[in-house]
Amino acid sequence: MKNENDGRYCYFTTGEFAKLCSVNKQTLFHYDRIGLFSPEIVADNGYRYYSYKQLEVFGGISILKEMDMPLNDIKTYLENRNPQNLLELLEKKQKEAQIKIERLSYLKKYLAAKSEIVLESMNAYEGSVSYVTLPEEYYIFSEYHGEPEIGEITTAFIEHMNYCHSLGIYSPYPVSGIIRTNNMPGPEVYGYAQIYTRILNKKGISNISIKPAGTYAVIYHTSGFRNAYHSYQKLAVDVRSKGYQLGDFFYEDTMLDELAMHGYDNYALRISVQCINI
C-alpha cells in the first residue's frame with residue numbers, strides 16, 4: 001500500500017487490492033479490459049494502483065454479480081447510477097430472488113421425496129405382502145387406450161409426462177400405471193387403464209384425482225415388468241385370504257427406474273391395492 005499526505009490517499013497494488021477483495025489479479029485485469037473497473041492510477045512504468053475509495057465500488061460490483069447481473073449490464077448501470085435507478089434495480093432483484101427461493105424450496109422438497117423413494121425401495125422385502133394405512137394422495141391421470149405393448153406404453157408415459165410439464169408439474173414421483181383389478185395381469189395380459197403421476201400437493205392445480213385414504217396391501221417387485229404378474233396374483237390371493245375385497249385398481253409405482261437401474265428387467269416396482277371390508 002502506498003500512502004501520501006498523512007494517509008488521506010491510500011493506493012494498493014493490483015495484488016494487494018485483489019487480496020483485499022478476495023479475487024485474483026486476472027479478474028481485475030479483465031474488468032479493466034472491458035471498461036468496467038479500472039485502476040485509479042497507471043504509472044509510467046506500467047504499475048497499476050487502486051485507491052481505497054474504489055473498494056466500495058468493487059464491493060458493489062461483486063454484489064450485482066452475485067445477483068446474476070451480466071458484467072455489461074453492471075457497466076451500464078454504474079455509468080448511469082443514481083438513487084432512482086438503484087431503487088428500481090433493487091426492487092427487480094428482490095422479485096428475482098423470491099422466485100429463486102421458491103424454486104430452491106421446491107427443489108429441496110423434490111430431492112427429499114426422491115430420497116425417500118429410493119430408501120423405501122432399498123429397505124423393502126421383495127415378495128412380502130404388507131398392510132399399511134395410507135393418507136389421501138393426489139394424482140394427475142391420463143387415460144390409456146393403447147395395446148399392452150412396450151412401445152405404445154412407453155410413448156403414452158412420455159406423453160403423460162409432457163402433459164404434466166405443460167401444467168408446470170415436475171414431480172419427484174415417477175410416471176406410473178393403474179390396472180383394473182377385474183383385469184388381473186397374467187403372462188399374456190398386462191393392460192393399463194390409466195397412467196398417473198403423484199404430486200406433492202393439490203394447491204393451485206386443477207384436474208387432479210384423489211387416491212382415497214385407507215388400508216392398502218403392498219408388495220414390492222424387483223425384477224421389472226416381464227414377470228410382475230406373479231406379484232399381482234400373489235397380492236390378490238393374500239388380500240382375499242385376509243377377508244378383504246380388492247378395490248377397483250392396482251397402483252403400480254415405479255420406485256427405481258433408469259436413474260438407478262440398468263434396463264426394464266431390473267426396475268423396482270411397488271404394487272398396491274385398497275382393501276375393502278366385506
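The protein chain in this predicted model exposes about 16,900 Å², with carbon and sulfur atoms supplying 53% of that area. Buried residues account for 36% of the 278 residues in the chain.

On overall shape, the chain is no neat ball: its radius of gyration comes out at 31 Å, whereas a compact globule of 278 residues would sit near 19 Å. The C-alpha atoms fill a box of roughly 95 × 35 × 35 Å along the principal axes. Secondary structure adds up to 7 helices and 12 strands. Looking at contacts between residues at least 6 apart in sequence, 68% join residues at least 24 apart.

Then there is the inside. Nonpolar side chains tend to be buried together in soluble globular proteins. Here, the largest nonpolar core holds 25 residues, and those with the most contacts inside it are Tyr190, Tyr192, Ala217, Tyr232, Leu235, Phe250 and Val273. Helices H6 (150-166) and H7 (229-241) each put at least two residues into this core, as do strands S10 (214-221), S11 (244-256) and S12 (268-277). Leaving aside residues up to four places away in sequence, Ala217 touches Val129, Ser130, Tyr131, Leu235, Val239, Ile271, Ser272, Val273 and Cys275. A second core, separate from the largest one, has 18 residues, among them Tyr31, Leu36, Leu71 and Tyr77.

As for annotation, the unreviewed UniProt entry marks residues 11-80 as "domain: HTH merR-type". Over that stretch, residues 11-80, the model is 54% helix and 13% strand, and the end C-alpha atoms lie 26 Å apart.

Conventions
Residues are numbered from 1 along each chain as its sequence is written. This is a predicted model: local features need pLDDT of at least 70, side-chain atom pairs count only at pLDDT 80 or more; totals for chains, interfaces and linings use all residues. Side-chain values use heavy atoms; hydrogens and water are left out. A nonpolar core is a set of buried Ala, Val, Leu, Ile, Met, Phe, Trp, Tyr and Cys residues joined through side-chain atoms within 4.5 Å. Buried means under 20% relative accessible area, exposed over 50%, partly exposed in between (1.4 Å probe, protein chains only). Helices (H or I, at least four residues) and strands (E, at least two) are DSSP runs, numbered from the N terminus. Contact means heavy atoms within 4.5 Å. UniProt positions are given in the numbering used here, feature names are shortened, and annotations may be inferred rather than shown by experiment. The radius of gyration is taken over C-alpha atoms; the globule rule is 2.2 Å times the number of residues to the power 0.38. Accessible areas come from the Shrake-Rupley method with a 1.4 Å probe; for residues, only the protein chains shown count as cover.
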